[in-house]
Amino acid sequence: MPSIGELRRRALESLSRPSYTLANTNILSLNNNANLFGVNPAVKEVAESFDFSRLWAYPSEDSDALRLRLASEFDASPTEIIVGNGSDDLLDIVCKSFINPGDVFCQPTPTFRMYKFYAQANFASIDEKVLNDDFSLRTDDIILARAKLVALCQPNNPTANLMDPRDVRRILSESEGITILDEAYSDFCDSDMLADVMESERGIDIRTFSKAYGLAGLRVGFAISRKEIVDELRRVRTPFGLNSFTEAVAIAALDNKGWVTEKIQEMKVERERLSRQMQSLGFQVYPSDCNFLLCGSPVSTDKLVGALEARGVAIRDFGSYPLLENHVRVTVGPRALMDRYLEILRPLMAEVLT
Ligand SMILES: Cc1ncc(COP(=O)(O)O)c(C=O)c1O
């Protein structure tokens, strides 16, 4: 009998899923850019009125009610929208829909690490174009890669900057294949390139409820694109992707955006304060259009991240990424959490620097 390892798909031999969070739940998680300002009040509101006695029934196959609500929100047709179990689900669905083994997948680097993972899981040949030193796109190089699929993040995780919209527009209109435009963090900087995606014939705009909307635990994401593309995505996705409670919460969250707007404002104040404090500790802090800060560290990130982890704080180490030697990423949270973090960081920096 072959062992389980021997039964594994050979093409996936070297693939391993990057992990998002640490196992210890007591840890202060400043490493995954969730909304540390709390859970969207839509959860409580829906829980109080939701008809749980109906949960024996399947939900709508394609989350029709949420697609309808999103259509009015984004001035699109429900046929141009597909929802998924977090935007991760949609990234996977896009790769499954369009990548043949060996097709070229192109991305700027550094960017969100899961694009490459889903492309690899679907046997793409990976072509990474390192960003310019100022974190702008190598637009010509990306277009000249003639990729089947390009993924762009606007604003970009982990560099925290908005890409020049003219570069994004050029890639959307001049790339031969499909272009994903991931706007996961766009709520934090009022950026919106949906019109450009829709104008291009091959763009897919991907969004999430996990960041500004404070619903990472519920897992809701969606993609907006031309109907022809959405039809392709629907062909490969599993039915009933969202449960009915989650669908109702997402609709309620869209119906009342007051909480989201308020928390974004609070985040911006704390981001500014955290940036000043980290600079005073010797970090090089970059401007941010997101709910996190990218920081060049005066000490080895290996040491820093390990020492913080030992004290119950998780931040992300980007030291092994091109352009980001000795860089870390820190999620911005409310004042009390940031104070807790800084109280741990300050003596640690004094210790490692001396
Ligand atoms: C750029 C980007 N896109 C997508 C995601 C995944 O979000 P979701 O929770 O919707 O799967 C993340 C999560 O960190 C992200 O940073």
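User: Two strands pair if DSSP finds at least two bridges between them. In what order do the 7 strands of the open sheet stand?

Analyst: The model is predicted: local features need pLDDT of at least 70, side-chain atom pairs count only at pLDDT 80 or more, and totals for chains, interfaces and linings use all residues. Residues are numbered from 1 along each chain as its sequence is written. Strands (E, at least two residues) and helices (H or I, at least four residues) are DSSP runs, numbered from the N terminus. The pairing is mixed, and the order in the open sheet is 2-8-7-6-5-3-4.

User: Which are the edge strands?

Analyst: Look for strands that pair on one side only. Two fit: strand 2 (81-84) and strand 4 (125-130).

User: What is the average twist from one strand to the next?

Analyst: Axes are lines fitted to C-alpha atoms, for helices over the stretch in contact, and angles run from 0 to 180 degrees between N-to-C directions. From one strand to the next, the twist averages 20°.

User: Which residue of strand 8 stands opposite isoleucine 81?

Analyst: Strand 2 and strand 8 (residues 221-225) are joined by 4 bridges. The two run antiparallel. Across from isoleucine 81, strand 8 places isoleucine 224.

User: What angle does the direction of helix 4 make with that of strand 7?

Analyst: Contact here means C-beta atoms, placed from the backbone, within 7 Å. Helix 4 packs on the sheet and touches strand 2, strand 5 (149-153), strand 6 (178-182), strand 7 (203-208) and strand 8. With strand 7, its direction makes an angle of about 155°.

User: How do helix 4 and helix 5 lie to each other: parallel, perpendicular or oblique?

Analyst: Helix 5 covers residues 113-121, and the two axes lie 9 Å apart at an angle of about 40°. Angles under 35 degrees count as roughly parallel, over 145 as roughly antiparallel, 65 to 115 as roughly perpendicular and the rest as oblique. Helix 4 and helix 5 are therefore oblique.

User: What is the handedness of the crossing of helix 4 and helix 5?

Analyst: A crossing is left-handed if the near helix is turned anticlockwise from the far one by less than a right angle, and right-handed if clockwise. For helix 4 and helix 5, the crossing is right-handed.

User: Which residues of helix 5 make the contact with helix 4?

Analyst: Helix 4 supplies Asp88, Leu91, Asp92 and Cys95. Helix 5 answers with Met114, Tyr115, Tyr118 and Ala119.

User: How many residues around the ligand are charged?

Analyst: The shell holds 14 residues; being near means that the C-beta atom, placed from the backbone, lies within 6 Å. Helix 4 (residues 86-98) gives the largest share, 3 residues. Ala, Val, Leu, Ile, Met, Phe, Trp, Tyr, Cys and Pro count as nonpolar, Asp, Glu, Lys and Arg as charged, and the others, Gly among them, as polar. The shell has 4 nonpolar and 8 polar residues, and its charged residues number 2.

User: How far apart are the axes of helix 2 and helix 10?

Analyst: Helix 2 (residues 42-49) and helix 10 (residues 244-255) pack at about 125°. They are therefore oblique to each other. Their axes are apart by 9 Å.

User: Which residue follows threonine 109 across a cis peptide bond?

Analyst: Omega of this bond is about 0°. The loop between strand 3 (104-109) and helix 5 holds its second partner. That partner is proline 110.

Methods:
Two residues are in contact if their C-beta atoms, placed from the backbone, lie within 7 Å.
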